[in-house]
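Q: Got a minute to go through this model with me? I'll jump around a bit.
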Amino acid sequence: MRILRPTLPLASTKRLVRNFTWLSAFALAPFFFCESLSAQTANPAPAVVEAAPAAPLSPAMDALLRARKRVEKYFEQAANVVCTENVTQAVVGKNGKAYYREDSVFDYQMQASTNSGSLKLLESRDTRKAAFRDSARSLLITNGFTSMLLIIHPTYETSFTFEPAGDETLDGTSYVRINFKPVPGASSPAAMQLRGKNYPIPLSGTIWIEPQTGAVLKLVASMDSSLSDIGLQAVRSEIHYATVHFRDPEESYWMPASAVIDVETPRQHWRNILRFAGYKRFRATIQVEEVENKP
C-alpha cells in the first residue's frame, strides 16, 4: 500500500481558463438585457450596465487568500533546500501504541517542475541510515505528504469548499482556522496505490493560518468517506510547518517540520512519523570569463 499524490495541471493555466469562462458569461448578460428592451420600444436607449462591487472578504477568507499566494511561493522555494528526514514506520496495536517500528534517516529534497506544461512534484531521498528490515512485517510507505498544501493551492481551488471555523491562540499567536471539505467528483491531492492502481482519497479537515502573513502552522486532513471496497477504513494526517531562517543573504523559508500519518484497514493500523530538520539552502555562483580570440 502506498500513499501518493497525482500530477497537477499548472495553476496559471487553470486560472486563465476560469477567467475566460467568466468573461464569456459576462458578455452575454448585456446582450440578453438589450434584447428585452428592444421588444418594448422602437428606438431603445443604449443600456448602461454597471458591475456590482465585489463583496468584501471576511478576515478568515482573506487569510486563506494570503495562504494561497504563500503556497505558490513554497513550491518555488522547496527545490532550493535540502534537509534531513527522520522516518519512523510503525505498526500500532488496539491500545493505540506502536508495538513494532523501524527507523531510518534520509537526505530529503522536494523538487517542482513545470517543464512539460504541468506542475510535477518529485521527492528525492538519499539514505543516510537504513532501518533494520524485518521481511515478515508489512509497513506503510508514504510519499508526498509534505505537499499536502496542495489542498489550498490555486490548482485545487474548485476541488474543496472552505468555511471559517473560528480563531485559536497557540503559543501566544492567534491563528484563523479554516475547515475544508471535498467537492464530490473533484480531483484530490492524495491517492492510495494498491496493486498498481491509484485510488483518489477524498479529504476533509482543518487548516491553521496566521492571518497577517498567510503562513500555515498546521494542516489536519482525514479521509472523508470509507473506501471499504478496497479495504481502507481510515486515513489521517497532521502536518506542521515552521519558518526556517538562513543567513548570507538573510532569507526566510516556510518549510515542513513534521508529519504524522495514520492508515487503518480492518486488520492493521500503521503510523508513519516524519521529522524534518537541518535545512540547508543551495547557493549557485556563476562566473563568466571573456576569452579573447586571436588569429
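Q: Where is Gln233 found?
A: In this predicted model, Gln233 sits in the loop between β12 (216-223) and β13 (234-246).

Q: Is Gln233 buried, exposed or partly exposed?
A: Gln233 counts as partly exposed, because its relative accessibility is 43%. Buried would need under 20%, and exposed over 50%.

Q: Which residues is Gln233 in contact with, leaving aside neighbours within four places in sequence?
A: Met223, Ser226, Glu264, Thr265 and Pro266.

Q: And how far is Gln233 from Arg267 in space?
A: The C-alpha atoms of Gln233 and Arg267 are 9.9 Å apart. In sequence the two are 34 residues apart.

Q: Switching to the core. Which residues touch the most other members of the largest nonpolar core?
A: Ile151 and Ile152 do, in a core of 61 residues.

Q: Which helix gives the largest share of this core?
A: Helix α2 (residues 59-77), with seven residues.

Q: What does Ile151 touch, not counting residues up to four places away in sequence?
A: Three phenylalanines are on the list: Phe160, Phe162 and Phe180. Ile151 also touches Tyr156, Pro189, Leu203, Leu219 and Ala221.

Q: Now the hairpin. How many bridges join β9 to β10?
A: Four. Strand β9 covers residues 191-194 and strand β10 covers residues 197-200. They run antiparallel.

Q: What stands opposite Leu194?
A: Lys197, in β10.

Q: What about Arg195 in that hairpin, what phi does it take?
A: A positive one, near 55 degrees. The hairpin has two residues between the strands.

Q: Pockets next. How much space lies in the largest pocket?
A: About 210 Å³. Of the 13 residues that line the largest pocket, Val87, Gln89, Phe106, Leu140 and Ile141 are the closest to its centre.

Q: Which strands each supply at least two residues of that pocket lining?
A: β3 (81-92), β4 (98-113), β6 (141-142) and β15 (269-281).

Q: How does the lining of the largest pocket divide by class?
A: Six nonpolar, five polar and two charged.

Q: How many cavities of 30 Å³ or more does the structure hold?
A: Two. The largest cavity has about 70 Å³ of space.

Q: What lines the largest cavity?
A: Among them are Tyr74, Cys83, Tyr108, Met110, Met255 and Tyr279. By class, the lining of the largest cavity has 10 nonpolar and two polar residues, with no charged ones.

Q: And which strands each supply at least two residues there?
A: β3, β4 and β14 (251-264) each do so for the lining of the largest cavity.

Terms used. Residues are numbered from 1 along each chain as its sequence is written. This is a predicted model: local features need pLDDT of at least 70, side-chain atom pairs count only at pLDDT 80 or more; totals for chains, interfaces and linings use all residues. Side-chain values use heavy atoms; hydrogens and water are left out. Buried means under 20% relative accessible area, exposed over 50%, partly exposed in between (1.4 Å probe, protein chains only). Contact means heavy atoms within 4.5 Å. A nonpolar core is a set of buried Ala, Val, Leu, Ile, Met, Phe, Trp, Tyr and Cys residues joined through side-chain atoms within 4.5 Å. Two strands pair if DSSP finds at least two bridges between them. On a 1 Å grid over the protein atoms alone, a cavity is a set of points where a 1.4 Å probe fits but cannot get out, and a pocket is an open set with protein on both sides within 12 Å along at least five of seven lines; lining residues have an atom within 4 Å of a point. Grid points are joined across faces, edges and corners, and a volume is the space filled by probe spheres set on the points. Ala, Val, Leu, Ile, Met, Phe, Trp, Tyr, Cys and Pro count as nonpolar, Asp, Glu, Lys and Arg as charged, and the others, Gly among them, as polar.
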